[in-house]
Structures are given as C-alpha cells and as structure tokens.
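Here are a few friendly notes to read alongside the model. I begin with the ligand and its surroundings, then turn to some backbone details.

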Amino acid sequence: MRTIWWNSKNRTVQMIDQRLLPQRLELPEFDDYRAVAETIRNMTIRGAPAIGAAGAYGMALAAFQSPALTRDSLLIDLEAAKSVLDAARPTAVNLSWATQRLLELAYHLVLPNTDDIRSALLAEAERLANEDVEINRRMGAFGAAVIPDGANILHHCNTGSLAAVDFGTALGVVRAAVEQGKKVHVWVDETRPRLQGARLTAWELMQDGIPMTLIADNAAGHLMRTGKVDVVLFGADRVAANGDVANKIGSYKLAVLAKENGIPCYSVVPTSTIDLNLPSGDHIPIEERDADEITHIGGVAVAPANVHVLNIAFDVTPHRYLTGIVTEEGICYPPYLNSLRQAKQAAEARIRLGQRKAGDT
Ligand code: MRU
C-alpha cells in the first residue's frame, strides 16, 4: 500500500495516518490543501519524500479548490497555497522542491482554460509520486551493492515505504539487498522522541519478514564498539552542496561513532533532498517541535509538569563522517560539490524528459 495517493472518486488526498501506527491503520481523506498542510505539520504524514508528495498533491488540490476563471488568478491562488504548504515543516527541502515543481509547471503551461491546467497539475502530482517509487528502486539497487551478505545494519528513524510514497530510501536499500538474496539483520534505533523506529520501521520490517532487533538509541555505541554493526544507514531531510546532511536527531552521533569504529556510514537520499543553494549544513533550518513530544510517551507524562524542554528534531552530520551519499543517480563520493551537482543535473534532465513525453512542456 502506498503512503499517500489521490482518491479520484472523491477528488481528495488520502494517506496513512502514521501517528496511529502500529496500533491502528486509518486512511483519512482531505479536500482542502490547508488540511494537507496541517497533516504535514502534525506528522500524520512524515519523512522527507512523503512530505514532498503531500506538497504536490496539496498543490493539485488547491488548483481544484480555486474558483479562478483565468490563468493569472489561478496562479495567484497557487502561489498562496505554496506558501501555506511550505510553512508546514522547515527542514525537509523536498516539500518546497515539490510545490515549486508544480507551480513552475503552471507558469509554463500553455493551455486554453483553467480546467486543463488543473488536470495537468494533478497529472504532475501523480507523476511525481510515481517517480518517487521508481527513484527509491534505483537508490535501492545502487545502495545494495555496498551491503555485504550477512551484514548487520544499524538504521535510524523511519526511511521505509511510510517515509516515501513506497519502498523507501535507506530501508529501500535494505529491501533491495534482501531481494538480491542477501541475508541481513537490522538493528532498529527506537528514535526518541517520536519513536519512528520502534513504531514504524519495526512494523515495516516485521511485515516483510526481514530479521530485525529493536534497540534503545543509547545502545548503538556499544553495538558498534563490540563489532556487531557492519554498516550504518540513514536518510536525510536536506543535503547541503558540500555533502553535510540534516537528518533525524541522533544521526550525527551515529556517524561519529561509526567513523571512530571504522564502520561505513551512508546517507540515502533522492536528489530532491539535495539543496545546492546551501553551501554547508550550517545553513540548514533545523526544526524545533513541541515539548510534549519529549515530556509524554503515548499520552503518558514521563517528566515533571512544566519542565523546561528543548526538542530539536534534526541534527547535521558533517560530510567528513559519511562514506558516501546514495542517490537515484548513483553513489556520490567526495568531493561532494562535484558529485552532488552531477547527480542533481542528471535527475533534472530525467524529470524534463518525463514532462516532455507527457506533452506538458
Ligand atoms: O521527523 P520525521 O519523522 O519526518 O523525520 C524523518 C527522517 O528523519 C527521515 O530519516 C528522513 O525524512 C529521510 S527518509 C526518507
């Protein structure tokens, strides 16, 4: 099942409510782009590529909601929708990348009436979502090549089907290695405070029958020092031009420990996560979230009332701690300024080709 899709019967955006997993599988529908923005903010949907797909479908929804009779007034409504969607979460650049892709298409389309533009935007959102699955498959194939048979893989947060449209980024690499017949075992970081590892990654791996063991985040260093980890894999929400990556809080610690223990460490990202406008990770906006994500677990208070809290959702891993960055265009190695730019250009050419084939530009 995909994480997010367009419900053509009801003309709504439908998604898995990830806040309820693994206890309940609910599939809410939304007919307002502002509600889609709220699902991103409250993490009904989360994970950088999934947020990008939500942004794209949100833009398509905004086009259908708009009463505009002229192209110019539709563009004004789409600009407004983009601002609302982009503001939902700050770190994952996939969100503004996707909304920008739809907005740019709307500016370039030469179509006689606004309903044709609306249909073309929906087709583009569908194309972006389908491409995401294909991209994850390509990353999986490249990444699986560096996973030894019998590997113990340490994984952080959730980077699986739920974090993307389907298959996943770093977990996609795990899936691809398994599909190639490799026997692997995954150490699943629980990933405090929101427990994406315990709730979502464990659920996905168990459904696929991939051997795994859930660990407290604090156990990772011990496992690395005692030779029980062969490779560390995580995703990213934004990669700067120099190869610094922002990912779920705790990733930096894992990468430093991996280097200290001589263990390869890869970040697995679609090129839509690469932000060549930022020279280094110091420029990546880092999200801070509500205190109750730390003070409460499953609605139960685990800290004194009114305690002072700092809830930083992401950290930056400087590129020197990474062995490589896996993308759908291949594995990027230092110097990242060159390899990331080349990967991004190759991916953009592929997108333009898809749009030309569909006759949109
Ligand atoms: O706060 P989240 O759950 O959206 O954070 C997600 C992650 O950090 C993932 O590792 C990241 O988006 C890359 S995965 C596809």
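1. Please keep in mind throughout that this is a predicted model. A good place to begin is Q196, which has a polar side-chain atom 2.8 Å from an oxygen atom of the ligand. Taken alone, the ligand exposes 400 Å², and the protein buries 100% of that area. The elements that contribute two or more residues to the surrounding shell are α2 (48-65) and β9 (245-248).

2. Two further polar contacts are worth displaying next. In R46, an N or O atom of the side chain lies 2.8 Å from an oxygen atom of the ligand. With A48 the partner is in the backbone: a polar backbone atom there is 2.8 Å from a ligand oxygen atom.

3. Which residues come nearest to the ligand? Of the 18 residues around it, they are R46, A48, R89, Q196 and K248. As for the chemistry of the shell, its residues divide into seven nonpolar, seven polar and four charged.

4. Where does the ligand sit with respect to the domains? Domain 1 (4-137) and domain 2 (147-349) both supply residues to the shell, so the ligand lies between them. The space that the ligand takes up is the largest cavity. I would show the two domains in separate colours when you look at this site.

5. Now to the backbone, beginning with the cis peptide bonds. One of them joins L21 and P22, with omega about 5°. You will find P22 in the loop between β2 (12-15) and β3 (29-30).

6. Another cis peptide bond runs from P334 to P335, where omega is near 0°. P335 belongs to the loop between β16 (330-332) and α11 (336-357).

7. A last backbone point concerns M43. Its phi is near 70°, a positive value in a residue other than glycine. M43 is placed in the loop between α1 (33-41) and α2, and α2 is one of the elements that give two or more residues to the shell around the ligand.

Definitions and conventions: Residues are numbered from 1 along each chain as its sequence is written. This is a predicted model: local features need pLDDT of at least 70, side-chain atom pairs count only at pLDDT 80 or more; totals for chains, interfaces and linings use all residues. Side-chain values use heavy atoms; hydrogens and water are left out. A residue is near a molecule or strand if one of its heavy atoms lies within 4 Å of it. A polar contact is a pair of N or O atoms within 3.5 Å; within protein, one must be able to donate a hydrogen and the other to accept it, and residues adjacent in sequence count only if both atoms are side-chain atoms. Accessible areas come from the Shrake-Rupley method with a 1.4 Å probe; for residues, only the protein chains shown count as cover. On a 1 Å grid over the protein atoms alone, a cavity is a set of points where a 1.4 Å probe fits but cannot get out, and a pocket is an open set with protein on both sides within 12 Å along at least five of seven lines; lining residues have an atom within 4 Å of a point. A molecule sits in a cavity or pocket if more than half of its atoms lie within 2 Å of its grid points. Helices (H or I, at least four residues) and strands (E, at least two) are DSSP runs, numbered from the N terminus. Ala, Val, Leu, Ile, Met, Phe, Trp, Tyr, Cys and Pro count as nonpolar, Asp, Glu, Lys and Arg as charged, and the others, Gly among them, as polar. Domain bounds come from an automatic or database domain assignment.
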